[in-house]
Amino acid sequence: MESVEFSRYLTMLTLSVHVVFATVGVGIPLMIMLAHWIGLKRNDEHYLLLAKRWARGYVISVAVGVVTGTAIALQLALLWPRFMEFAGQLVALPLFMETFAFFFEAIFLGIYLYTWDRFKNPKLHFYLLAPVVLGAAMSALFITSVNGFMNTPQGFTLVNGALTNIQPLQAMFNPAMPTKVAHVLTSAYMTSAFVLASIAAFHMWRGNRHEYHRKALALTMKVGFIFCVATALVGDLSGKFLAEYQPEKLAAAEWHFETEGEAPLVLFGVLTEENEVKYGIEIPYALSILVHSHPSGVVTGLNDIPEELHPPYIVHYMFDIMVTIGVWLTVLSMVYWLAMSRNWSFIKTRVFRFLLVMAGPLSMLAIQAGWWFTEVGRQPWIMNGFMKTAEGATDSPHVWLMFIAFAILYFILMVGTAVVLIRLFKKNPVERELEKQSEKQRSVAR
């Protein structure tokens, strides 16, 4: 196997690990803020404890996310040196701003954690969460703009193979940035909500009936539903963006070969060697409506795009996984919300709670499938239209050693993080923390 293939697999491995921590790193601050706000508004110790415990777990994910994020920065230089040499001046600004946003977030997070019960006015402590949420969102914005640039590069003039007239701001605010950033933010909030819902549902599935877990589940499922809808709306805009700027990626995702109007949306299925779709589900006119908001809108097919520029057709499965899970989570959270408002009892059954437990892992799988679709769907380009992936990779024959070393590192990080989080919360169960809070309040009252 050539070094470029190992470089691709190592980058994919690193992104797959980092996206776990990056997603909860962006989404959980908002969940902490919501719980804290409700706790103050209702003077409810359960919601305040939710904010405190979620913040503790969040700190650990941030620490590990720093390691995986540093690995990505390192690998950009080591695995893709020609890309960085070619486009480094254009992506340096958002990479620098992402670091600044992270420090902004980390500083206020540290102050927030170490100032519990130290403000006479508790609202002042709550306000510290605003820069944490903002910093996390800005961090996502800047790093996603780099990915957007790789998909729709602009902000330069190419003269004799060299970049001139470089404009970093124009490169950062590229056409792909708005929809990509919106999709990353809404899906991060959605996924974080379902991850936390999954934890609460797990306790209830095991028989814990504490009010703390019931409130945690109710809050997270409602937030999850709201951001499911938001993610779907942004996904619609993403489809229109692909049709305009990357029609080959959209066509590969849909196994759409003929340029035509009244194009159907193809779900699932198997592609034969003759490029015929078998066992798929066709929704008439849906692709034309998705792309042009009109049933007769013409959608470009792969047969009108040079074959050497076709993305791997496997992206169809990644797209299906992402969309199917998104639809399932939307229905699940909507049903939960309706059942809560109408006091339907089936949501208290073990079977339904097990479905809620699975919502967290499924949402994370959808995030992974979405990024695989994004990155694999850009192939064969590392910088769309200007540099192919093979042209940007290193020639080093030792990338396979790096792959093994980083695979071991990520395994240790993932297992270590899981062990630390489980032990952290097992040693401090909710009941004990609430008892401690009550004792503290009684001693203050005396």
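Start by selecting Arg 214 and Glu 211, whose side chains meet in a salt bridge (2.7 Å, N to O); the term stands for a side-chain nitrogen of Lys or Arg within 4 Å of a carboxyl oxygen of Asp or Glu. Because they sit three residues apart in helix H8, about one helical turn separates them. Helices here are DSSP runs of H or I with at least four residues, strands are runs of E with at least two, and both are numbered from the N terminus. Arg 214 is partly exposed at 32% relative accessible area, and Glu 211 is partly exposed at 33%. For these labels, buried means under 20% relative accessible area, exposed over 50%, and partly exposed in between (1.4 Å probe, protein chains only).

A word on what you have open: this is a predicted model, where local features need pLDDT of at least 70 and side-chain atom pairs count only at pLDDT 80 or more, while totals for chains, interfaces and linings use all residues. Residues are numbered from 1 along each chain as its sequence is written, and side-chain values use heavy atoms, with hydrogens and water left out.

The structure holds eight salt bridges, so which should you pick next? Try Arg 53 and Glu 433, also paired at 2.7 Å, N to O. Arg 53 belongs to helix H2 (residues 45-79) and Glu 433 to helix H15 (residues 430-445), 380 residues apart. Both Arg 53 and Glu 433 are buried. Add Arg 56 to the selection and you have a salt-bridge network of Arg 53, Arg 56 and Glu 433.

Now jump to Asp 395 and Arg 82, with their closest N and O atoms 2.3 Å apart in a salt bridge. Asp 395 is in the loop between helix H13 (389-392) and H14, and Arg 82 is in helix H3 (residues 81-113), so the pair ties together parts 313 residues apart in sequence. Asp 395 is exposed at 57% relative accessibility, whereas Arg 82 is partly exposed at 31%.

Next, select helix H9 (residues 247-254), where seven of the eight residues are buried. Among them are Leu 250, Ala 251 and Glu 254. Their cover includes helix H5 (129-151), strand S3 (265-267) and helix H12 (350-377). Just after H9 comes Trp 255, with a positive phi near 50 degrees.

Last stop: helix H14 (residues 399-426), home of Val 415. Val 415 is partly exposed at 38% relative accessibility.

Definitions and conventions. Contact means heavy atoms within 4.5 Å.
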